[in-house]
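Trainee: Could you take me through a close look at a single part of this protein, and then show me how that part sits within the whole? I would like one connected answer that I can follow with the structure open beside me.

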Amino acid sequence: MPLGLLAVASALDRGRFDPRIIDARLESRPHERLLAAVVPGTVCVGMSVLTGAPLGDALAAARTLKQKHPALPIVWGGWHPSLFPTACVAEPVVDYAIVGQGELAFAELVARLADGHAAQPLAGCAWRDAQGRPQLGPPRPAQDIGTLPAPDYELLDVEAYFALKGRRQLDLVASQGCYWRCAFCADPAVYRRGWSGLDPTVLAASAGALADRHGFTDLAFLDETFFTHVERALAFAALWSRRAQPITWTATLRADQGERLTDSQMAVLARSRLRRVLVGVEAGSQAMLDWLQKDIRLAQVMGTAEKLRRHGIAADFPFIVGLPGESEASVDASLAWARRLRSMSPAFQTPIFFYRPYPGSPITRAAEAAGCRLPDSLEAWADFDLFGPGPWVAPSLGRRVAREAFYLRQAWDPPPGRWKLPLRRLARYRLAHHAYGLPFEWQLARWLGHRSELH
Ligand code: SF4
């Protein structure tokens, strides 16, 4: 669900403004829909912009709009503009870029545009001056999420998202930011290691009202770190388990947080129908975890996994491999941990990602300083492949990791068709004994088009 757009639209002065959210994923002709939505009195068009292909989509949409409505202000927000605000407004079709938490900055900008006042300078916003030079306003301190207007889901076609997801699952954000400092992550640069979360009573009441209104059966918290304050998470769980109609939920959990949870606390979470958590592992060697500044220990990962298994809670344990300068031994250690966790429970997944230098993170800055060239234009960032191996990854290593990911899926992904059982046994044998000779099933799958993509 487009939670960023929902948050900024909900924070507008709703007595004055009538925001419309258009999601290209739900539209057969998104540009036509966008042009049709621009009517006399339209104040501006805001776009949520993520690095990679979505950036290319936003550029194309902005150019289409400007061609027909040259004077219509276009405002970008989201991760890419937060990291590169002045580069965004250097592009003629982008008039403003909002940096970081956008609710209040966007509301203020829209009010100024509607009033015909000078829209700049504005804290937390970039623009072009009269000479066309990009300018950046002072930083805007992030507000506590509890003081911001609640997202108004009536602005979304919620049923269309249930259909898109294939399940009646509502996405919700209960906190913003993160206290930690992982060196591959852009969050610390954008939220400056600040965090704020909704009060658990308010959260349970508002999520309950949304459940009554929309009839969903699963609630997905898309917070960076839902369990930042464990008492808050447990208070929500206790309230959620009192619902007459039980609703499952999912959230994010760090391994250090999971390890600190006692068995009785885990039982409270399981009773509240916490069905799945995402626990970022990232690497299988302590040296690499320390270099990544993940601030967890592998023993904490195992402690968390064992507790989750005991209490019947499923988990995703993602890994990142192929970091600049990473040794094969380090990659092997990560693959070994992925195998170990995957074999602990059919409810555990271990997706493996190749590292790509997402802008704004310390590792990316270090890679740049070491001579790694990053895209230098919006078009180049739009073409940036966020999923494949980096050019520094040897092709043989890339193939080996892809093969491992394929066999991990073959070995444990439920449900196996009866005819797949021998393949499953073979995959488990291969993983256990590192026996990858004559990988006919992998080659056959690739030939059939089921490429062994990494997760
Ligand atoms: S990876 Fe997660 S825990 Fe680490 S800084 Fe980013 S949001 Fe925080």
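**Glutamate 404 and its surroundings**

Mentor: Leaving aside the neighbours within four places in sequence, glutamate 404 is in contact with Leu335, Arg339, Leu431 and Tyr436. Please keep in mind from the start that you are looking at a predicted model. Glutamate 404 lies in helix H18, and with a relative accessible area of 3% this glutamate counts as buried, because buried means a value under 20%.

The helix around this residue leads us to the interior of the protein. Helix H18 covers residues 395–412 and gives the most to the largest nonpolar core, with nine residues. That core has 89 residues in total, and the members that touch the most others are Tyr153, Leu219, Phe221, Phe226, Trp249, Phe317 and Leu341. If you pick out phenylalanine 226 and set aside its neighbours within four places in sequence, you will find this residue in contact with Ala174, Leu203, Phe221, Arg232, Ala233, Phe236, Trp249, Ala251 and Thr252. Apart from the largest core lies another core, of 25 residues, among them Val45, Met47, Leu65 and Ile74.

From the interior we can step back to the whole protein, which has 20 helices and 15 strands. Its radius of gyration is 23 Å, close to the 23 Å that the globule rule gives for 455 residues, so the protein is as compact as a globular protein of that length. Along the principal axes, the C-alpha trace spans about 70 × 55 × 40 Å. Buried residues, of which glutamate 404 is one, make up 51% of the 455 residues. Among contacts between residues at least 6 apart in sequence, 70% join residues that are at least 24 apart. The protein exposes about 21100 Å², and carbon and sulfur atoms supply 55% of that area. As for charge, the mean positions of the 52 positive and 45 negative charges are 6 Å apart.

It is helpful to set the buried glutamate beside some residues that are not buried. Arginine 192 is found in the loop between helix H8 (187–191) and strand E8 (195–197), and with a relative accessible area of 64% this arginine is exposed. Its backbone also deserves a look, since phi of arginine 192 is near 50°, a positive value in a residue other than glycine. Most residues other than glycine have a negative phi. Aspartate 295 likewise has a positive phi, of about 60°, although this residue is not a glycine. You will find aspartate 295 in the loop between helix H13 (286–291) and helix H14 (298–310), where it counts as partly exposed at 36% relative accessibility.

Two further residues can be followed along one stretch of chain. Glycine 132 is found in the loop between strand E4 (125–128) and strand E5 (134–136), and at 38% relative accessibility this glycine is partly exposed. Its C-alpha atom is separated by 9.9 Å from that of glutamate 91, a residue 41 places away along the chain. Proline 134 has its place in strand E5 and is partly exposed, with a relative accessible area of 33%. Not counting residues up to four places away in sequence, proline 134 touches Thr86, Val89, Ala90, Trp127 and Arg128.

Note on methods:
Residues are numbered from 1 along each chain as its sequence is written. This is a predicted model: local features need pLDDT of at least 70, side-chain atom pairs count only at pLDDT 80 or more; totals for chains, interfaces and linings use all residues. Side-chain values use heavy atoms; hydrogens and water are left out. Helices (H or I, at least four residues) and strands (E, at least two) are DSSP runs, numbered from the N terminus. The radius of gyration is taken over C-alpha atoms; the globule rule is 2.2 Å times the number of residues to the power 0.38. Buried means under 20% relative accessible area, exposed over 50%, partly exposed in between (1.4 Å probe, protein chains only). Contact means heavy atoms within 4.5 Å. Accessible areas come from the Shrake-Rupley method with a 1.4 Å probe; for residues, only the protein chains shown count as cover. Lys and Arg count as positive and Asp and Glu as negative; His and the chain ends are not counted. The place of a charge is taken as NZ of Lys, CZ of Arg, CG of Asp or CD of Glu. A nonpolar core is a set of buried Ala, Val, Leu, Ile, Met, Phe, Trp, Tyr and Cys residues joined through side-chain atoms within 4.5 Å.
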